[in-house]
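Let's talk through some charged pairs in this one. Have the sequence and the model open as we go.

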Amino acid sequence: MSGIEIPVVALVGRPNVGKSALFNRIVGRNAAIVSDEAGTTRDRHFARADWAGHNFWLVDTGGIVEDPNLPMDVEIRRQVGLAIAESDVLLFVVDAIAGLNPTDAHIAETLRTSGKPWLLVANKVDKPQSTDYFEFFNLGAVDPLPVSAVNGHSSGDLLDALTERFPAAEAPDDESLAIAVIGRPNVGKSSIVNRLLGEERLVVSAIAGTTRDAIDTPMRYHNRTFVFIDTAGLRRQSRVEDGIEFYSALRSRRAIERSDICVLVIDATEGEIHAQDLKVAHLAWEAGRGLIVVVNKWDLAQKDDKAAAKFEKDAGEKAPFLKFVPFVFTSATTGQRVSRILDLVLQVEQERLKRVPTHEVNDRLQELLARRQPPQAAGREIKLNYATQVEVAPPTIAVFGNAPDLVQEHYVRYLHNGFRESWGFTGNPLRVLMRRKAS
């Protein structure tokens, strides 16, 4: 099983209390912020952050807005409830200058009964001697921590207090195979998983996640333990509501990080692979995970006997790496070819752990060099001397030569494709590293 789960920290609070400024203070102003599409989620974003060796996801949930058509406490419970369900620790941000607001009291009450750890952050305390924030002791909850997102005052103390509340990291089970079922909402991910688990009688009881509402579901297949990551999250995605796309994007990234193999489910009735599908597939591939594409609802798609081959070909033209990925065309409703997914998972894992003897890698390199030499660069002759596989999961081949920096990208692709011709590594990224030969 792959990586340890990284905790999620959610910033909650009313609009204009400085959540975005605090987000930028913690993450760093130039951090690449992952934003969802414009619209319902325009003011929500998330990014990776770290403090004193602790990595975490930081989520800016957007301001909690009162809906005039709903009782205030109902709307607050709904919006804060979504953040609570998806996070491990919450930072409740209040405005020390504006003072205590009735909405703050409602939010504090919701957090108090959530069972999740949380901190009360009094923002805009720009001077250490300020006592503006004392009013927030009246909430009768946790003690407020005074900070200034603008000048950074006490932000280190806040982060120390935050990381102390992270759940203890559990070491992954090396024997089990972690499978992340990923894809856009409503493409049939939970139906696929339910069908897979229902087909097998040796399903172990679901394990509740200790830190959030995730449930990982194990099953046995051909004497192997598969663990489907965050099956609760898959089921939750089927309830389309404000914010669900935002949280599903974050959940996908967490699932990819924890997985060995990703199963990307897409909707056959759309006729082609969607841009958002390609984005998720690329995330999994770049993370070095195994990948299988499941084209679901195939029973409902308009097709002829060449439709499957055309679908694969079109996908490979849009994203060339998909030419190396197995596709399976299924129907979760009828069960058509669903069990094939489990066999593909085992095949992709086998390819993921394949190790090629060094003499074979070298022989193949010499064949490729004999067919096409690397182009010279700036009048310098480039020599590639030998190659060896240095890593599995994902497979990685290092090629040693006199000027690795001068080998052009198209030639590295030529070597990559040549190595693939020989050994496949189906369903897995193959990394080719250019290294300087020791003199």
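Q: Are D277 and R184 buried or exposed?
A: Buried here means under 20% relative accessible area, exposed over 50%, and partly exposed in between, with a 1.4 Å probe and protein chains only. By that yardstick, D277 and R184 are both buried.

Before going on: this is a predicted model, where local features need pLDDT of at least 70, side-chain atom pairs count only at pLDDT 80 or more, and totals for chains, interfaces and linings use all residues. Residues are numbered from 1 along each chain as its sequence is written, and side-chain values use heavy atoms, leaving out hydrogens and water.

Q: How far apart are the closest N and O atoms of D277 and R184?
A: A salt bridge needs a side-chain nitrogen of Lys or Arg within 4 Å of a carboxyl oxygen of Asp or Glu. D277 and R184 form one, with their closest N and O atoms at 3.0 Å.

Q: Which residues are joined into one network with R184?
A: Here, salt bridges share partners. The network takes in R184 along with E270 and D277.

Q: How many residues apart in sequence are the parts that D95 and K124 tie together?
A: The side chains of D95 and K124 meet in a salt bridge at 2.9 Å, N to O. D95 lies in strand 5 and K124 in the loop between strand 6 and strand 7, so the parts they tie together are separated in sequence by 29 residues. (Strands are DSSP runs of E, at least two residues, and helices are H or I, at least four, numbered from the N terminus.)

Q: How many salt bridges does a search of the whole structure find?
A: The D95 and K124 pair is a salt bridge, and so is E272 with K318. Searching the whole structure gives a total of 15.
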